[in-house]
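Here's a quick tour of one protein model, from its outer surface to its core, with a stop at some unusual backbone spots. Have a look at the structure first.

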Amino acid sequence: MNFLKKSLKLLGILIVLAAIALFFFIQHLKPDYNGEKNLDGLSDQVTVYYDSYGIPHIYAETEADAYKTLGYVHAQDRFWQMELLRRIASGRLSEIFGEVSLPNDRFFLNVGIHKQTERIVSNLDKNQPYYKLTEAYLQGVNSFIEQGPTPIEYYILGLEKTPFTIEDVFNTIGYMSFSFVMAQKTDPIVSSIKTKYGAEYIEDLFLDYPESATHIKNYSKSSEDYAAISNHVNQLFNQVGIPVFNGSNSWVLSGQKTKSNQVLFANDPHIAYSQPAVWFEAHISTPSYERYGYHIGGVPFPLLSHGKDYATGLTMFENDDADFYKEELNPENKLQYKTNTGWEDLKSREETVYVKGSDPITFTVYETHHGPIINNVVPSIETQSPVSLYWIYTALDRNMIETTYHMNYSKDINDFESHLPALHAPGLNVMYGDAQGNIGWWASAQLYERLDSNHPKMIKEGVFDKDSHLKMLPFSQNPKAVNPDWGYVYSANNATKTIDGTKIPGYYAPENRAKRIVELLDQKNDWTLEDFKQMIVDDTSAVLPDQIQALIPSVNRSELSESMIQSLEDLSTWKGDYNKDSYNPSLFHRWEYEFLKATFEDEIGSETTMNFINSHLSKKLVAPLMKKDASVWYNNIHTETIEDKSTIVTKSFKAAYESLVSDYGSNPNDWAWGKLHQLESPHALGSVKALRSFFNVGPFPISGAREVINAVNFRYTGEDYFPVNGGPSTRRIIDFSDIEHSVSVLPTGQSGNPFSKHYDDQAKLYVNGEFRQMLLNKEEIIENATGILIFNE
């Protein structure tokens, strides 16, 4: 008995000691928001005031000191995110995650972003201010690596910290740029459909943006199957677990449209949800420079920012900046390909992927003058012909770091505009407003005209010389509106035209959000910040009520039960609002899913159908397709009978209703949108069941949906709910009548460290459509600081 008592006592002591050790270990892993630190190379002391949401306000005497400090504080809250982002384009995820990441690494090494990075870095001018500040930022990041705690993810994965370089910055920007590219997600599918079924099937895909839809206005005074390419790329992006850009809203009003007679600015870039959230906020103040910015992990200059002088924002332009080419090899020499001037030698390079727990894998990348051949990294592609990828981002070596620097250091609107031609890819709608009352929108990209007769969304014949059928357009032809007479500029990823009226091929969003934005902005001329808070979370569709009315007459009611008919009647009066307590959105989207599945699956198969109905092309075609009384797609090619619209619409409505009853019961009030539409921000390690609740944030019921202003997007998966996968990565509202109290919110929190109190402290604000202030007034910042971190030289 004494032995047992002593053993239990010893066990109790060991448990207490383990708990104490665990407590101190966790405390050691937390970011430091108070105290003093030494930072080599500072010219003077730097003070960082942390506000109540963990935003650092950095006060320094020099810009170099400020950026060095920014690098440190950015790393201590987001180092794990920075690590992942720098590894994607350089093909180094397999070093962390093993063979599961091998397809991703092979694909990105094949694309060649890292090779472009090498070319650009070798030609950088080290005396330029952007270079010096980038180096200062990286010194701060690397100081954290030497001095700061190791993030918990590194312990779990057994990963060593390594220094950051300027190559990492360019590779991160390159990956984020590739995530914008839409061609690889849709062009191969469209080409496959045309090859298999002919032009008749293409007509009802509505590839071109309708002339009658809402456009952004300018103002100035063979039997080969290519669908595997799209399926493979979509699968890669789904597996990466790192933010992917997928849309955005922004609108800027001049004083003639606001109650204060000052500019009001709103922006909410749509990006795949993740944890950490994509943006890291930081406010820098020096005697010569002040900016409140939104930073991507590992990138020194913010992509979204504002100061007391001007504000900037971004949305996706959605222009088509990539093309696929079917190449022809020389039958007598497989290392040559055909051009319009004869046979040319393929270029080649060796790439190696280092795989955790396995031997390195080396493979050869072959390139034509269009770009890399991708067959060897898309193993399921069925075509025998090599397919190459032309992407204008890697085709032109332009310095995106220098461009983002200038966008944050402009003197006025003219100076700001002068730097935009260097933004070649991805295509961006750049938004601007300033304290002098100027507003502006520029569609910024290197546009080019395709001189061949192929539709831009089709795979092309590679025999063309790239310079003989691509005509680069001058930036003066790009769409823009500066200080328009109607008093506002906006973008919702909808289409526009060049200054001379030429159509710009692209993957534009349907007009839904644009139509609603214009509808609301045109209603009044006394807008306030409080009005903007309501508008940016508006969840009403301007298009869906008409879409439903186009379907209902085709429903064969004789096949429906009384309860089905009642639900159909309820849906017919729905105003298109996506309140999380309403059940009409749940029924409609189950219906839309079943309709699209029944329409396309027999022709293109289940996997391609799922990727296709979640693409931008599908979002654009669904409304006009539902309004068509006849389409070749309605007939099921695997049956002997000829199905028409009524067959498809009735069958899909019944399937939608029955699935909701099966999943949630027969009472429609139990089908509330918030039950089916929930936001969970996933961490890269959150896919491990045991770690999910620790690393992931959510789930939370949330309002909004696809293609409303509050664009909380989701994927159709066939599951019993609609998994939210992307939406506003921040909601920013800048008010030049009270610039020091503009507002914002992030989907989770400022920190990517799960032991930080700022890991998820904005999540409830976000799902409830609420905001917090972005402070600029130093006295107010000091008075309300919850932490003060001092860096000494």
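What does the accessible surface of the protein come to, and what percentage of it belongs to carbon and sulfur atoms? The accessible surface is about 29800 Å², and 49% of that belongs to carbon and sulfur atoms. These areas come from the Shrake-Rupley method with a 1.4 Å probe, and for residues only the protein chains shown count as cover.

A word on the ground rules. This is a predicted model, where local features need pLDDT of at least 70 and side-chain atom pairs count only at pLDDT 80 or more, while totals for chains, interfaces and linings use all residues. Residues are numbered from 1 along each chain as its sequence is written, and side-chain values use heavy atoms, with hydrogens and water left out.

**Overall build**

The protein has 27 helices and 31 strands; these are DSSP runs (helices H or I, at least four residues; strands E, at least two), numbered from the N terminus. Of its 793 residues, 62% count as buried, meaning under 20% relative accessible area with a 1.4 Å probe, protein chains only.

**Backbone oddities**

Most residues other than glycine have a negative phi, and most peptide bonds are trans. Here are some exceptions:

| Feature | Value | Place |
|---|---|---|
| Gln 275 to Pro 276, cis | omega near 5° | Pro 276: loop between β5 (264-272) and β6 (280-286) |
| Gly 698 to Pro 699, cis | omega near 10° | Pro 699: strand β25 (residues 697-701) |
| Glu 318, positive phi | about 75° | loop between β9 (310-316) and β10 (322-326) |
| Glu 707, positive phi | near 55° | loop between β25 and β26 (713-714) |

What about the burial of those two glutamates? Glu 318 has 4% relative accessibility, so it counts as buried. Glu 707 comes in at 7%, so it counts as buried too.

**Inside the protein**

The largest nonpolar core has 168 residues, and Tyr 67, Trp 251, Val 430 and Phe 791 touch the most other members. Helix α2 (residues 63-88) gives the most to this core, with 12 residues. A nonpolar core here is a set of buried Ala, Val, Leu, Ile, Met, Phe, Trp, Tyr and Cys residues joined through side-chain atoms within 4.5 Å.

Tyr 67 is worth a click. Leaving aside residues up to four places away in sequence, Tyr 67 touches Leu 133, Ala 136, Tyr 137, Ile 284, Tyr 289, Pro 300, Phe 301 and Tyr 409 (contact means heavy atoms within 4.5 Å). There's also a second, separate core of 45 residues, which includes Leu 568, Leu 571, Tyr 593 and Val 649.

Conventions: Buried < 20%, exposed > 50% of the residue type's maximum accessible area, 1.4 Å probe, protein only.
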